[in-house]
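Please look through the sequence and the model below before reading on. The paragraphs that follow go through it step by step, beginning with a question about a single residue.

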Number of protein chains: 2
Amino acid sequence: MKQLQFKLSRWMQGGGPDSDIIISSRVRIARNLKEHSFPCLASDQETEAAMSKIGAVVSEMAELKSFKYWSMDALSELEKKALVEKHLISPMLASNSKHGAFYLRADEAISIMVNEEDHLRIQAILPGLQLSEAWAEASHFDDLLEQKLDYAFDDHYGYLTACPTNIGTGLRASVMLHLPAMIMSGQINRLLGALSQVGLAVRGLYGEGTEIIGNLVQVSNQVTLGQSEDEIINNLQGIIRQVVEQEQSARQTMLDKQRANIADKSWRALGLLKYAQVISSQEAIQLISDLRLGYDLGLIKSVDHRLLNELLVLIRPACLQLLAGRELNENERDLERPVRIKEVLNRQGNTNFIED
Amino acid sequence: MKQLQFKLSRWMQGGGPDSDIIISSRVRIARNLKEHSFPCLASDQETEAAMSKIGAVVSEMAELKSFKYWSMDALSELEKKALVEKHLISPMLASNSKHGAFYLRADEAISIMVNEEDHLRIQAILPGLQLSEAWAEASHFDDLLEQKLDYAFDDHYGYLTACPTNIGTGLRASVMLHLPAMIMSGQINRLLGALSQVGLAVRGLYGEGTEIIGNLVQVSNQVTLGQSEDEIINNLQGIIRQVVEQEQSARQTMLDKQRANIADKSWRALGLLKYAQVISSQEAIQLISDLRLGYDLGLIKSVDHRLLNELLVLIRPACLQLLAGRELNENERDLERPVRIKEVLNRQGNTNFIED
């Protein structure tokens with residue numbers, strides 16, 4: 001399992017449309033087996049039976065053979081949390097599942113979770129603004145599985161799910177945006193109001209109930225019922241495109257009016273990331289944001305999205321502890337974090353990297 | 001004249017006893033010519049006459065032949081201010097002197113000012129705690145000049161000076177101390193009270209009436225009358241030794257209790273000095289102080305006092321403008337400053353300097 005956190009998931013490798021503003025696009029589909037209780041209501045035997053049934057089906061599918069299977073029981077708490085930090089599995093699967101498991105494609109773009117809140121959660125996560133592509137990927141595996149599994153489906157409601165907020169399409173689509181200019185200029189507040197009015201949920205980096213830090217904002221659909229999957233995806237994609245335009249315009253204004261200060265902030269972030277000896281998680285996320293903005297505005301050329309995404313993941317508590325090979329308390333993590341950050345920043349090759 | 005600011009004065013080269021805490025020791029002697037009005041009361045012709053008399057004497061002295069002569073009239077405002085920033089001449093000579101001039105020894109440790117507040121001000125400035133040595137140097141040139149010049153001297157009061165605060169010995173001795181640990185721990189306040197009680201004056205980096213910034217404190221004698229020169233020097237030297245011990249003890253406590261945070265602060269300062277694009281004079285002085293502390297505590301090995309002293313001088317407004325070769329307003333200076341700082345920090349040779 002330890003090799004996981006050293007691997008750059010496909011979304012971490014960067015690229016994709018509008019990747020200067022959109023870090024990743026994610027789609028997940030919730031599905032349940034007919035004639036099996038939802039995991040939260042099921043007995044131990046029932047969840048085991050659901051797992052067996054799904055396992056049998058998966059093992060027969062050529063396209064899923066290359067997927068790596070992980071039983072949650074076989075993973076340490078740290079390993080589970082690191083998978084959440086990489087956005088590969090849900091916090092719920094990590095913290096609270098009976099006979100939970102997941103299948104992970106080699107590029108880590110597709111995860112199929114078993115016995116999470118629902119029997120099946122099929123997730124696709126891609127870099128940049130690729131909601132349609134992520135939907136196509138997830139849908140493809142959903143179709144494959146549906147050929148062999150009887151899904152709980154109601155003609156009136158659609159796909160049935162453990163929580164009523166997922167019923168219908170069972171589809172949750174979300175994007176992770178980096179909005180430093182809108183946040184610094186205060187335009188974010190109007191945006192948040194507007195997004196909520198059109199039925200979208202806004203969250204911080206760590207999901208539900210978390211504050212916005214490092215100028216990272218997750219936007220997702222709330223409504224899963226009464227719209228087709230394509231409508232949900234296209235609606236979200238259209239709104240996100242508008243947000244992208246607003247952020248681009250806010251960045252241009254910032255660049256026109258205070259170029260030196262923005263450059264200064266970005267370069268200082270690089271200096272601190274390379275030289276500090278003690279860095280909290282929150283400060284690191286903010287510094288990475290400042291550095292990302294400098295890169296995206298063409299003010300700093302010596303980093304790239306791949307490196308920035310790697311930093312964003314490895315500074316988190318569980319990844320950090322896995323890298324260190326031992327449990328670390330908060331103070332110890334604040335000392336370990338800058339060591340790991342320097343490793344990544346120095347790996348780039350000195351002459352190219354150090355100074356412009 | 002422009003070559004001056006690129007030259008490291010002897011005090012800037014570092015070294016000397018207790019140089020981890022004492023940046024420099026300075027002694028200046030005020031002398032006036034008998035039968036010549038003090039410069040502030042003198043007519044143009046009279047100050048010119050005093051200058052001529054002193055000039056004639058100096059030109060005959062073998063030991064002073066190598067000294068460079070500068071008439072204040074021949075210097076630009078920036079050049080005068082840069083000399084003040086290097087502590088080679090007094091602010092008064094720079095700003096307000098008729099027929100003012102000075103002689104400067106090649107190592108810039110000895111300056112002999114003419115027509116400042118007094119006809120003659122003989123200054124010696126050395127690195128580290130070298131009050132006796134500075135006194136010996138200044139006294140030597142005083143003796144030389146006294147052989148050929150009639151000094152205004154009163155059997156009861158001693159040497160007569162334009163300002164009564166200098167009368168008697170005409171001696172002002174001062175040291176520039178770096179006291180980060182006493183300032184951070186708050187012990188400085190008790191010290192300031194104690195110093196004032198024993199008749200010493202405490203000032204900031206820029207002299208009289210300036211605030212303490214960058215943890216730099218100037219301590220000097222106030223009393224010039226009723227004590228011999230040796231008493232003044234030994235008294236100040238003794239008290240400064242006690243301050244040095246207190247600062248050493250405060251640093252040790254800091255190192256024992258919060259080593260990681262002190263290291264962090266110093267390394268962050270290095271990171272910011274190497275990467276920031278906009279730096280105010282005040283911030284630069286503070287960062288240089290943080291970096292100096294890291295070096296003096298053995299936490300950072302890639303800088304030295306010579307480099308730190310050079311930084312401390314070149315970040316100041318006039319030196320910065322002379323280096324740039326043109327006048328700069330405050331905003332322009334804040335952009336020029338980091339460029340010059342990087343030049344100095346990168347000059348060290350990359351492999352040795354960049355990272356530990």
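Is N215(B) buried or exposed? The model is a predicted one, and in it N215(B) has a relative accessible area of 7%, which falls under the 20% limit, so this residue counts as buried. N215(B) sits in the loop that links β9 and β10 of chain B, and its phi is near 60°, a positive value in a residue other than glycine. A second non-glycine residue in this chain, E35(B), likewise has a positive phi, of about 60°, and E35(B) also belongs to a loop, the one between β1 (22–31) and α1 (44–59) of chain B. With a relative accessible area of 78%, however, E35(B) is exposed, whereas N215(B) is buried.

The strands that flank the loop of N215(B) lead into the sheet of chain B. This is an open sheet of eight strands, arranged in the order β2-β3-β4-β5-β1-β8-β10-β9 with antiparallel pairing. At its edges stand β2 (68–71) and β9 (200–203) of chain B, each of which has a single partner strand, so that one side of each is left without a neighbour in the sheet. From one strand to the next, the twist averages 20°. The partner of β9(B) is β10 (residues 216–221) of chain B, and these two antiparallel strands are joined by four bridges, with L200(B) having N221(B) as its bridge partner in β10(B).

Further into the same sheet lies β8 (residues 171–178) of chain B, and here one may ask how many of its eight residues are buried. Eight of the eight are, so β8(B) is largely enclosed by the rest of the structure. In a regular strand the side chains alternate between the two faces of the sheet. In keeping with that, the buried residues of β8(B) can be listed face by face, with L171(B), A173(B), V175(B) and L177(B) on one side and R172(B), S174(B), M176(B) and H178(B) on the other. β8(B) is joined to β1(B) by seven bridges in the antiparallel sense, and to β10(B) by five, again antiparallel. V175(B) takes part in both pairings, being the bridge partner of S25(B) and standing opposite V219(B) in β10(B).

Turning to chain A, one finds an open sheet whose eight strands follow the order β2-β3-β4-β5-β1-β8-β10-β9, also with antiparallel pairing. Its edge strands are β2 (68–71) and β9 (200–203) of chain A, each pairing on one side only, and neighbouring strands are turned by 20° against each other on average, direction ignored. Between β2(A) and strand β3 (residues 101–104) of chain A there are four bridges in the antiparallel sense, and Y69(A) stands opposite Y103(A) in β3(A). Helix α1 (residues 44–60) of chain A lies across β2, β3, β4 (110–114) and β5 (120–127) of that chain, running at about 15° to β3(A).

Another helix of chain A, α4 (residues 131–148), contains A138(A), which at 0% relative accessibility counts as buried. Leaving aside residues up to four places away in sequence, A138(A) touches V27(A), I29(A), I122(A) and A124(A). The C-alpha atoms of A138(A) and I110(A) are separated by 7.3 Å, although the two residues are 28 residues apart along the chain.

The remaining steps concern helices that pack on one another. In chain A, the axes of α10 (residues 317–324) and α11 (residues 330–347) come within 10 Å and cross at roughly 75°, which makes α10(A) roughly perpendicular to α11(A). Their contact is made by P317(A), L320(A), Q321(A), L323(A) and A324(A) of α10(A) together with R333(A), E336(A), R337(A) and R340(A) of α11(A).

In chain B, helix α8 (residues 281–296) and helix α9 (residues 305–314) pack at an angle of about 170°, with their axes 10 Å apart, and α8(B) is therefore roughly antiparallel to α9(B). Among the residues that meet there are I285(B), I288(B) and L291(B) in α8(B) and L308(B), L311(B) and L312(B) in α9(B). Helix α11 (residues 330–347) of chain B has 18 residues that should span 26 Å at 1.5 Å a residue, and the 26 Å between its end C-alpha atoms agrees with this. N329(B) caps the N-terminal end of α11(B), a side-chain oxygen lying 3.1 Å from the backbone nitrogen of N331(B), while the buried residues of this helix include R333(B), I341(B), V344(B) and L345(B).

Methods:
Residues numbered from 1 in each chain as written. Chains lettered and ligands numbered in written order. Predicted model: local features only at pLDDT ≥ 70, side-chain atom pairs only at ≥ 80, totals over all residues. Heavy atoms only, no water. Pairing = 2+ DSSP bridges. Axes fitted to C-alpha atoms, helices over the stretch in contact; angles between N-to-C directions. Expected span 1.5 Å × (residues − 1). Buried < 20%, exposed > 50% of the residue type's maximum accessible area, 1.4 Å probe, protein only. Polar contact = N/O pair within 3.5 Å; in protein donor to acceptor, adjacent residues only side chain to side chain. Contact = heavy atoms within 4.5 Å. Parallel < 35°, antiparallel > 145°, perpendicular 65-115°, else oblique.
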